[in-house]
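Me: I should like to go through the packing of this protein with you, beginning with a pair of helices and then turning to the cores and to individual residues.

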Amino acid sequence: MTTPLAFDLKPSAQPLSDEDRAAVLAAPGFGRHFTDHMVTIRWSEGRGWHDARLQPYAPLQMDPANMTLHYAQSIFEGLKAYRQPDGGVATFRPEENARRFQRSARRLAMPELPEETFVEAIDLLIRQDEAWVPSEPEQSLYLRPFMFATEVGLGVRPANEYLFMVIASPAGAYFPGGVKPVSVWLSEEYVRAAPGGTGEAKCAGNYAASLVAQAEAAQHGCDQVVWLDAVERRWIEEMGGMNLYFVEGTGDDARVLTPELTGTLLPGITRLSLLKIAEDLGYATGEIRLTKDDWRQGNADGSISEVFACGTAAVITPVGSVKSTSASWTVGDGGPGPLTTLLRQKLLAVQSGLAPDPHGWLHRVL
Ligand SMILES: *Cc1c(COP(=O)(O)O)cnc(C)c1O
């Protein structure tokens with residue numbers, strides 16, 4: 001079973017016209033428009049991975065007793081393709097997404113897609129839909145690989161059939177009017193992930209369970225929810241679907257810190273990359289454990305100078321203010337801090353090919 005999968009190429013006879021595509025790319029937003037094609041690969045017990053295709057983007061037909069609709073064996077990834085200065089296209093560390101997808105699959109009792117097949121499926125879609133990769137600063141083509149059970153039946157057990165897919169959506173600048181800090185709500189009622197649960201897996205169910213807390217944050221006038229640990233409800237874990245960073249001190253002595261991966265945090269690739277970029281810039285870095293009281297105290301006495309969240313979609317988002325049932329406070333002066341801004345620029349510069357790539361993070365597709 002080591003022969004590489006051959007993809008059957010069935011390009012669309014009716015791709016969107018250049019004119020209509022240009023209208024979409026003029027204001028793509030996020031996740032609202034999809035390119036002309038999609039990749040699909042099937043897996044079934046006995047046959048393994050088969051039927052790999054690139055085909056026109058189209059709706060799926062689904063039996064009402066499809067197991068995913070009932071028991072949620074559903075995982076996904078998110079990464080971006082960036083237009084390069086020479087007109088080519090590159091993705092950022094796609095093999096990291098491939099490995100995380102395998103870990104998510106294992107946790108949800110799903111089959112693992114080989115790393116090279118995952119990367120090839122994405123490359124194939126980008127090559128076919130290259131015209132959809134925007135070229136304005138901070139724009140990109142967002143890739144969404146995902147997999148779900150396709151077996152029909154209501155018996156509770158791992159399904160014996162799955163569908164892997166990749167779709168793509170042009171993404172505009174996340175902050176078209178300039179980077180704007182968010183306000184966050186510390187949720188003491190709801191938790192995102194518990195020890196032994198699925199917090200480390202990028203699975204649909206984690207998001208379903210988070211939405212009510214996000215709504216609670218909005219009711220308190222906050223943009224985003226910050227998750228505390230499930231056991232003591234005081235250790236800071238993540239913000240919504242992004243990892244968090246804390247800057248201790250200022251200037252050359254600043255320390256760039258992020259909550260350690262305890263098993264209930266999602267191991268972000270942006271998080272991982274920023275640890276390295278901060279280190280390359282000469283800053284001390286560390287993976288720490290920090291309570292909500294440490295955070296409040298650190299902002300009160302000035303030892304914590306900046307806080308930001310990071311993830312593929314928004315890159316880096318400054319956190320400007322914090323609210324909980326017992327307290328509310330401002331982070332620094334409430335604006336984006338200098339290191340937040342610097343790290344954001346540095347990462348974007350590597351991704352868009354405007355800065356050297358010493359760690360070989362870019363994967364050239366075209
Ligand atoms: C995807 C995700 C992140 C960020 O991961 P990146 O690889 O940096 O995009 C952080 N937290 C959660 C809960 C996520 O689902």
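Me: How are α3 and α4 oriented to each other?

Reply: This is a predicted model. In it, α3 and α4 pack at an angle of about 125°, and their axes lie 9 Å apart. Angles of 65 to 115 degrees count as roughly perpendicular and those over 145 as roughly antiparallel, with the rest, apart from angles under 35 degrees, being oblique. The two helices, α3 and α4, are therefore oblique.

Me: Is the crossing of α3 and α4 left-handed or right-handed, and which residues of α4 make the contact?

Reply: The crossing of α3 and α4 is right-handed. On the α3 side the contact involves Pro94, Glu95, Asn97, Ala98, Arg99, Phe101 and Gln102. The residues of this contact comprise five nonpolar, two polar and three charged. From α4, the contributors are Glu115, Phe118 and Val119.

Me: Which helix or strand gives the most to the largest nonpolar core?

Reply: The largest nonpolar core holds 41 residues, and Leu143, Met147 and Phe164 have the most contacts inside it. At least two residues of this core come from each of several elements, including α1 (18-26), α3 (94-107), β7 (140-149) and β8 (161-171). The element that gives the most, with seven residues, is α4.

Me: How many residues are in the second, separate core?

Reply: This second core is separate and includes Val256, Leu274, Val315 and Leu339. Its number of residues is 23.

Me: Which residues does Met147 touch, not counting those up to four places away in sequence?

Reply: Met147 is among the residues with the most contacts inside the largest nonpolar core. With residues up to four places away in sequence not counted, Met147 touches Trp49, Gln73, Ser74, Ile75, Phe101, Ala105, Met110, Pro111, Tyr162, Leu163 and Phe164.

Me: Is Met67 buried or exposed?

Reply: Met67 is found in helix α2 (residues 67-71). Leaving aside neighbours within four places in sequence, Met67 is in contact with Ala72, Ala149, Glu151, Gly153, Gly155, Arg157, Pro158 and Ala159. The relative accessible area of Met67 is 3%, and a residue under 20% counts as buried. Met67 is therefore buried.

Me: Is Thr291, in the loop between β14 and α7, buried or exposed?

Reply: The loop that holds Thr291 lies between β14 (284-288) and α7 (292-301). Not counting residues up to four places away in sequence, Thr291 touches Arg234, Trp235 and Ile236. Its relative accessibility is 6%, so Thr291 counts as buried.

Definitions and conventions
Residues numbered from 1 in each chain as written. Predicted model: local features only at pLDDT ≥ 70, side-chain atom pairs only at ≥ 80, totals over all residues. Heavy atoms only, no water. Core = buried A, V, L, I, M, F, W, Y, C linked by side-chain atoms within 4.5 Å. Buried < 20%, exposed > 50% of the residue type's maximum accessible area, 1.4 Å probe, protein only. Helix = DSSP H or I, 4+ residues; strand = E, 2+ residues; numbered from the N terminus. Contact = heavy atoms within 4.5 Å. Axes fitted to C-alpha atoms, helices over the stretch in contact; angles between N-to-C directions. Left-handed = near helix turned anticlockwise from the far one by under 90°. Nonpolar A, V, L, I, M, F, W, Y, C, P; charged D, E, K, R; others polar.
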